[in-house]
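Here are some short exercises to work through with the structure open beside you. Try each task on your own before you read the solution.

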Amino acid sequence: MSTSPEIPTEQRIAVFPGSFDPVTIGHVSIVLRALPLFDRIVVAIGENTSKRYMFPLDQRLDWLKKTFADMPKVEAISFQGLTADLCVKLGAQHIVRGLRNSTDHGHERSIALMNHELRGVETIFLPALPEHAHISSTIVRELMANKADVTAFVPAAVRIP
Ligand code: ADP
């Protein structure tokens with residue numbers, strides 16, 4: 001008599017939260033590397049009312065949607081409130097975050113532990129690839145504000161005339 005192996009039926013869903021002001025090739029790299037780990041990745045722009053952004057929410061969301069348009073497992077949304085609550089709402093068991101340096105690590109560790117305590121959500125950290133570790137939305141914004149060419153740091157969808 002043969003026993004059939006347990007086939008997991010639950011979808012593995014991850015939320016990749018951020019400001020994406022704007023999305024960079026560093027963010028895209030994290031999504032691409034997380035893809036084999038999950039059935040679905042929800043890239044989610046957190047609407048933080050106390051934060052000032054360079055680009056409006058609609059613009060940032062449009063760039064994300066265009067960037068991931070050819071990846072059926074990836075979806076882009078915006079949300080208000082806690083990331084952990086979004087995870088519960090979507091049935092996501094995991095949060096994905098990228099780590100560029102020890103400053104990221106110190107900050108992210110506390111948030112990850114809090115999300116675990118609040119809602120039992122685990123955070124998966126992926127180290128930034130060496131060639132992306134210096135790329136941040138903050139620096140890209142600074143370059144854009146000074147009319148520098150940012151095409152090497154942002155996906156094709158992000159084009160400022
Ligand atoms: P937040 O405002 O929440 O920090 P960001 O949009 O700046 O949002 O970043 C979202 C996530 O992407 C964070 O986990 C951040 O560490 C990660 N990230 C940002 N830039 C890079 C990069 N160049 N390589 C890898 N991960 C990155």
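**Exercise 1. Find the order of the strands in the sheet, and name its edge strands.**

Solution. Start with the sheet as a whole: in this predicted model, five strands form an open sheet with parallel pairing, and their order is E3-E2-E1-E4-E5. Next, look for strands that pair on one side only: these are the edge strands, E3 (74-79) and E5 (122-127). Finally, look at how the neighbours sit: on average, neighbouring strands of this sheet are turned by 30 degrees against each other, direction ignored.

**Exercise 2. Work out which strands the helices H2 and H4 touch.**

Solution. Take helix H2 (residues 57-67) to begin with. H2 packs on the sheet and touches E2 and E3. The direction of H2 makes about 170 degrees with that of E3. Now move to helix H4 (residues 102-119), which also packs on the sheet, touching E4 and E5. Here the angle between the directions of H4 and E4 is about 175 degrees.

**Exercise 3. Describe how strand E1 is joined to E2 and to E4.**

Solution. Go to E2 (residues 40-46): six bridges join E1 to this strand, and the two run parallel. One bridge to look up is that of isoleucine 13, whose partner in E2 is arginine 40. Then turn to E4 (residues 94-99), where two bridges make the link to E1, again with parallel strands. Valine 15 has isoleucine 95 as its bridge partner in E4. To finish, follow the chain: E1, helix H1 (residues 25-34) and E2 make a right-handed β-α-β unit.

**Exercise 4. Explain why strand E1 is described as largely enclosed.**

Solution. Recall the cut-off: a residue is buried under 20% relative accessible area. In E1 (residues 13-18), five of the six residues are buried, so the strand is largely enclosed by the rest of the structure.

**Exercise 5. Decide whether valine 88 is buried, partly exposed or exposed.**

Solution. First locate the residue: valine 88 lies in helix H3 (residues 83-90). Partly exposed covers the range between under 20% and over 50%. Valine 88 has 49% relative accessibility, so it counts as partly exposed. As a last step, compare two distances: valine 88 and leucine 118 are 30 residues apart in sequence and 11 Å apart in space, C-alpha to C-alpha.

Terms used
Residues are numbered from 1 along each chain as its sequence is written. This is a predicted model: local features need pLDDT of at least 70, side-chain atom pairs count only at pLDDT 80 or more; totals for chains, interfaces and linings use all residues. Side-chain values use heavy atoms; hydrogens and water are left out. Buried means under 20% relative accessible area, exposed over 50%, partly exposed in between (1.4 Å probe, protein chains only). Helices (H or I, at least four residues) and strands (E, at least two) are DSSP runs, numbered from the N terminus. Two strands pair if DSSP finds at least two bridges between them. A crossover is right-handed if, with the strands pointing away from the viewer, the path from the first strand over the helix to the second runs clockwise. Axes are lines fitted to C-alpha atoms, for helices over the stretch in contact, and angles run from 0 to 180 degrees between N-to-C directions. Contact means heavy atoms within 4.5 Å.
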